[in-house]
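Colleague: Could you take one part of this protein and go through it slowly with me, as you would for someone in a first year of study? I would like to follow a single strand and its surroundings from start to finish.

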Amino acid sequence: MKLTKIQVGRYGAIGLLLGGVFACAIGFFSRDNVPVTQINQLQKDRNTDATVYLKGKVVKQVPFLGTRAYELQDSTGIILVITNEKFPQKKEVLIKGKVQYKSIPLGGRDLGEVYVKEQERL
């Protein structure tokens with residue numbers, strides 16, 4: 001058996017080391033590691049302007065003039081997502097979005113709705 005000696009120069013070793021660190025960082029910050037919020041939590045808190053990550057199933061698509069919306073469902077509930085992008089091609093999506101609240105006063109009551117403005121589809 002013949003052994004082959006591989007020579008790595010000073011900068012090559014640093015490159016290999018940095019490449020390994022970078023590859024680990026990509027795995028650490030992968031899309032599966034984002035803090036996903038449950039939909040029912042958004043409807044309880046109404047923390048508007050909060051940036052959240054939601055993961056769920058697209059159950060309904062709603063075309064509007066100049067924009068689009070779809071309903072996203074997880075195991076805890078359903079929420080409306082407003083987007084300027086095309087409708088999701090996959091049934092299951094992970095998105096980053098901004099929580100919004102639209103107040104609808106009617107008969108002295110607020111029948112407002114919490115929704116999410118999609119910022120990025122991951």
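What follows is a close look at one strand, its partners and a residue within it.

Colleague: Which residues make up strand β3, and how many of them are buried?

Modeller: Please keep in mind throughout that this is a predicted model. To place the strand first, the protein has two helices and seven strands, and along the sequence these elements come in the order α-α-β-β-β-β-β-β-β. Strand β3 covers residues 77–83, and it is mostly covered, since five of its seven residues are buried. For the protein as a whole, with its 122 residues, 24% count as buried.

We can now turn to the strands that pair with β3. One of them is β2, made of residues 68–74, which runs antiparallel to β3 and is joined to it by seven bridges. The link between β2 and β3 is a hairpin, and it passes through two residues. To see one of these pairings in the structure, find Tyr-70 and then look across to β3, where its bridge partner is Val-81. Another partner is strand β7, residues 113–121, which pairs with β3 in the parallel sense over three bridges. Here you can begin from Leu-80, whose bridge partner in β7 is Tyr-115. As a general point for reading such strands, side chains in a regular strand alternate between the two faces of the sheet.

Within β3, the residue I would dwell on is Thr-83. Because its relative accessibility is 0%, and buried means under 20%, Thr-83 counts as buried. Leaving aside residues up to four places away in sequence, Thr-83 touches Thr-67, Arg-68, Tyr-70, Lys-117, Glu-118 and Arg-121. Tyr-70 in this list is the residue that we met as the bridge partner of Val-81.

Two of the residues that Thr-83 touches, Glu-118 and Arg-121, also meet each other, for their side chains form a salt bridge with an N to O distance of 3.1 Å. In general, side chains of opposite charge can pair when their charged atoms come close. The structure holds one salt bridge, and its two ends are covered to unlike degrees: Glu-118 is buried, with a relative accessible area of 8%, whereas Arg-121, at 29% relative accessibility, counts as partly exposed.

Key
Residues numbered from 1 in each chain as written. Predicted model: local features only at pLDDT ≥ 70, side-chain atom pairs only at ≥ 80, totals over all residues. Heavy atoms only, no water. Salt bridge = Lys/Arg side-chain N within 4 Å of Asp/Glu carboxyl O. Buried < 20%, exposed > 50% of the residue type's maximum accessible area, 1.4 Å probe, protein only. Helix = DSSP H or I, 4+ residues; strand = E, 2+ residues; numbered from the N terminus. Pairing = 2+ DSSP bridges. Contact = heavy atoms within 4.5 Å.
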